[in-house]
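Visitor: I should like to look closely at a single part of this protein. Please begin with one strand and its partners, and then follow the chain outward from there.

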Amino acid sequence: LEMDVPTIVPTGSTMRSDLYIKNDNLPSYGIVSLVVDGKIVSKKAQLFDQGQTKITLEWNVPSDKVYSSHDLQGRVDLYDKTIITKSSVVHSYPRTIAVSAYDLKSLELLVKNDKVLADPALIYASDSNENLRFKVIDPQGQCIIGKSNECLIKDSTRANRGGLVSINYEDQILRVRYSGPDNPLERFSITSIDPLTEKWTVTLETNAGISPDVHILQDTYVKVKYRFHSETVTVKSE
C-alpha cells in the first residue's frame, strides 16, 4: 500500500489523496480508508484484482482561519488483516487572510521544518467611501499609492499596459493595479513574484490629508493572498 499526499493544503478545501494497492495474490475484497489524526474520514469498498489498483479518496479540510497540521495515513482492511501506511504530516493554512487595516501586522513566510510552505503574494483592498482615499506605504517608508506629491501612484493605472504599473522595491518588482480615487469602489492590488513580507501600511485619508476615525480603519479590511509551495509525498506500508 502506498499513498500520495500534498505537504500543504488550503483550509476549507477538499484534499484528494491517491492510494495504490499492489496485489500479487488472488483477487481480494476489502475497504480502503483515509485516516486523519487517527480517525477515518473517507472510505470505499473495493475488489483488488491482481496487479495495482488506484483509489482516490477525499477529505474536507477544516475551515480554520489559522495554521494547523494533521497526520494522514492510508489503510486497507481485508478479511484477515489490516494494512496501513506510515503517517505523513499535512499542513493547512488559509489561502487568503483578511486583516483590519488598523491591525495589519508584519507579513511573514510560513516556514515549518526549515521549508517555506507559503508566502504572501498579493495585497489588495477596496473602499466605497467617496470622501476618503487609500494611502499605501511600503516597508521602507515609500508611499506607493496616495494623493501626496511623494506618492508614486496618484491616479488610475487602467491606461497602462495590463492595467498595471511596475515599481522597483529593494531587489524585486512590484506590480500595482489601482482604480483611482474617483472610482465608486476605490480598490488596489500589489503583487510580486517575490514574497511581500515585512510591515506594509494601508490607511485612508481625506483630500486634505486628514486621517479618519479609528473605527473606520478597523472596518476596512486588507486581504493577503498566499502562494503555496506544495509538494507530493509518498508514504508506504511497512
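Guide: In this predicted model, strand β3 and strand β6, which covers residues 51-60, run antiparallel and are joined by 10 bridges. One position shows the arrangement in detail: D18 stands opposite T56 in β6. Strand β3, residues 14-23, also pairs with strand β1, residues 2-6, and this pairing is again antiparallel, over 3 bridges. Here E2 has Y20 of β3 as its bridge partner.

Strand β3 also takes part in the largest pocket. To the lining of that pocket β3 gives the most, with 3 residues. The lining is made up of 14 residues, and those nearest the centre of the pocket are K22, N23, N25, L78 and I83. By character, the lining residues divide into 7 nonpolar, 3 polar and 4 charged. The space within the largest pocket is about 330 Å³.

One of the residues nearest the pocket centre, N25, belongs to the loop between β3 and β4, the latter being residues 28-36. N25 counts as exposed because its relative accessibility is 56%, and the cut-off for exposed is over 50%. Although N25 and F48 are 23 residues apart along the chain, their C-alpha atoms are separated by 9.5 Å.

The next loop, between β4 and β5 (39-48), holds D37. The phi angle of D37 is near 50°, a positive value in a residue other than glycine. With a relative accessible area of 43%, D37 is partly exposed.

From these surface positions one may turn to the interior. The largest nonpolar core has 33 residues, and the members that touch the most others are I144, I145, L174, V176, F188, I190 and W200. Two or more residues of this core come from each of β12 (115-127), β13 (133-137), β14 (143-145), β15 (165-169), β16 (172-178), β17 (186-191), β18 (201-205) and β19 (221-228). A second core, separate from this one, consists of 19 residues, including V32, V61, L72 and V90.

F188 illustrates how residues from distant places in the sequence meet in the largest core. Apart from neighbours within four places in sequence, F188 is in contact with I123, Y124, A125, F134, V136, I145, R177, Y178 and V202.

Another interior position is S100, which is found in strand β10, residues 96-100. S100 counts as buried because its relative accessible area is 7%, and buried means under 20%. If residues up to four places away in sequence are not counted, S100 touches L217, Q218, T220 and Y221.

The loop between β17 and β18 offers a contrast with these buried positions. I193 lies in this loop and counts as exposed, at 75% relative accessibility. The C-alpha atoms of I193 and Y102 are separated by 26 Å, and the two residues are 91 residues apart along the chain. E198 also lies in the loop between β17 and β18. E198 counts as partly exposed, at 38% relative accessibility. Its phi angle is near 75°, which is a positive value in a residue other than glycine.

Technical notes. Residues numbered from 1 in each chain as written. Predicted model: local features only at pLDDT ≥ 70, side-chain atom pairs only at ≥ 80, totals over all residues. Heavy atoms only, no water. Pairing = 2+ DSSP bridges. Helix = DSSP H or I, 4+ residues; strand = E, 2+ residues; numbered from the N terminus. Core = buried A, V, L, I, M, F, W, Y, C linked by side-chain atoms within 4.5 Å. Buried < 20%, exposed > 50% of the residue type's maximum accessible area, 1.4 Å probe, protein only. Contact = heavy atoms within 4.5 Å. 1 Å grid on protein atoms, 1.4 Å probe; cavity = no way out; pocket = protein on both sides within 12 Å on 5 of 7 lines; lining within 4 Å. Points joined across faces, edges and corners; volume = space filled by probe spheres on them. Nonpolar A, V, L, I, M, F, W, Y, C, P; charged D, E, K, R; others polar.
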